[in-house]
Amino acid sequence: FPTRRSSDLEDGQLAYTRLDFAQDTWREASKSKERAQREWQQARQVQDKAQTALEQNRTFHHKARQELHQLEQRLNPQQGSLRHYLRNQVPGWENSLGKVIDEALLERTDLNPQFSPEGLDGVFGVKLALAVVPAPAYAQDEMALGLRLEQAQSRVAQASIEQELAEKALTASHEQVKQLQDIAQQCQRQLDDADQEVADRKSVV
């Protein structure tokens with residue numbers, strides 16, 4: 001009997017030793033996991049900041065190149081463009097026609113600019129082939145404006161329908177989330193009950 005009792009004690013001590021070792025291993029693994037998660041999150045933050053900085057620099061570079069190209073066009077206008085004609089044929093145009101004309105027209109090469117006495121089918125002494133230039137929205141005739149009004153009303157109606165559908169979808173999504181949350185809470189309660197039952201059984205052993 002003494003030999004058997006001694007063997008049982010040794011087995012018990014070995015079991016406790018293994019348990020301690022397993023718990024230590026779990027704690028180390030848990031610390032390693034938390035440390036790895038922190039490092040991963042920090043790396044993600046650094047990556048996000050670098051990505052944001054890169055996008056900002058790309059945007060700045062693109063705008064700078066656009067501005068440079070625009071200035072080059074203004075200083076060296078294309079042959080045949082309205083700007084080129086005005087630069088060479090109408091001294092001081094910047095303080096007259098330049099104050100009222102759309103800049104996009106200055107780069108066009110299909111306006112066929114010609115000298116015209118003031119007030120005779122011209123603007124500031126320059127006659128342009130305006131038939132090739134579409135009227136801007138604020139200068140359209142009544143029929144065109146009426147058509148645009150109908151189109152705008154149609155878009156508003158369609159947007160209203162889509163908004164209503166989106167609101168219904170959002171409400172359904174909220175309800176589904178609530179149902180899943182209730183299920184998850186129920187599962188957690190069942191798990192807690194199971195843990196308590198295991199603990200109670202251990203206390204009896």
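1. Let me start with Glu 164, which is partly exposed in this predicted model. Its relative accessible area is 45%, and that falls short of the exposed class because exposed means over 50%. The side chain of Glu 164 meets that of Lys 168 in a salt bridge, with an N to O distance of 3.8 Å. That distance is worth a glance, as the cut-off for a salt bridge is 4 Å.

2. Lys 168, the partner, is exposed, with a relative accessible area of 51%. Both residues sit in helix H4, which covers residues 142–204. Glu 164 and Lys 168 are four residues apart there, so about one helical turn separates them.

3. How many salt bridges does the structure hold? The count is five. As general background, side chains of opposite charge can pair when their charged atoms come close.

4. Please have a look at Glu 103 and Arg 74, whose side chains form a salt bridge at 2.8 Å, N to O. Glu 103 belongs to helix H3 and Arg 74 to helix H1 (residues 2–75), so this pair ties together parts that are 29 residues apart in sequence. Both ends are partly exposed: the relative accessible area is 32% for Glu 103, and Arg 74 has 30% relative accessibility.

5. The pair in point 4 also belongs to a wider arrangement. Which residues are linked in a network of salt bridges? They are Arg 74, Arg 83, Glu 103 and Glu 107. I would view these four side chains together on screen.

6. Another pair to display is Arg 108 with Asp 110, where the side chains meet in a salt bridge of 2.7 Å, N to O. Arg 108 counts as partly exposed at 24% relative accessibility. Asp 110 is likewise partly exposed, and its relative accessible area is 35%. For Arg 108, the value of 24% does not make the residue buried, because buried means under 20%.

7. Finally, a word on the nonpolar surface. Val 100, Val 123 and Phe 124 make a nonpolar surface patch of about 260 Å². Where does Val 100 lie? You will find Val 100 in the loop between helix H2 (82–89) and helix H3 (103–106). With 56% relative accessibility, Val 100 counts as exposed, since the class begins at over 50%.

Methods
Residues numbered from 1 in each chain as written. Predicted model: local features only at pLDDT ≥ 70, side-chain atom pairs only at ≥ 80, totals over all residues. Heavy atoms only, no water. Patch = residues over 30% accessible without salt bridge, like charges linked within 9 Å, V, L, I, M, F, W, Y side chains within 5 Å. Areas by Shrake-Rupley, 256 points an atom, 1.4 Å probe, with all protein chains shown as cover. Helix = DSSP H or I, 4+ residues; strand = E, 2+ residues; numbered from the N terminus. Buried < 20%, exposed > 50% of the residue type's maximum accessible area, 1.4 Å probe, protein only.
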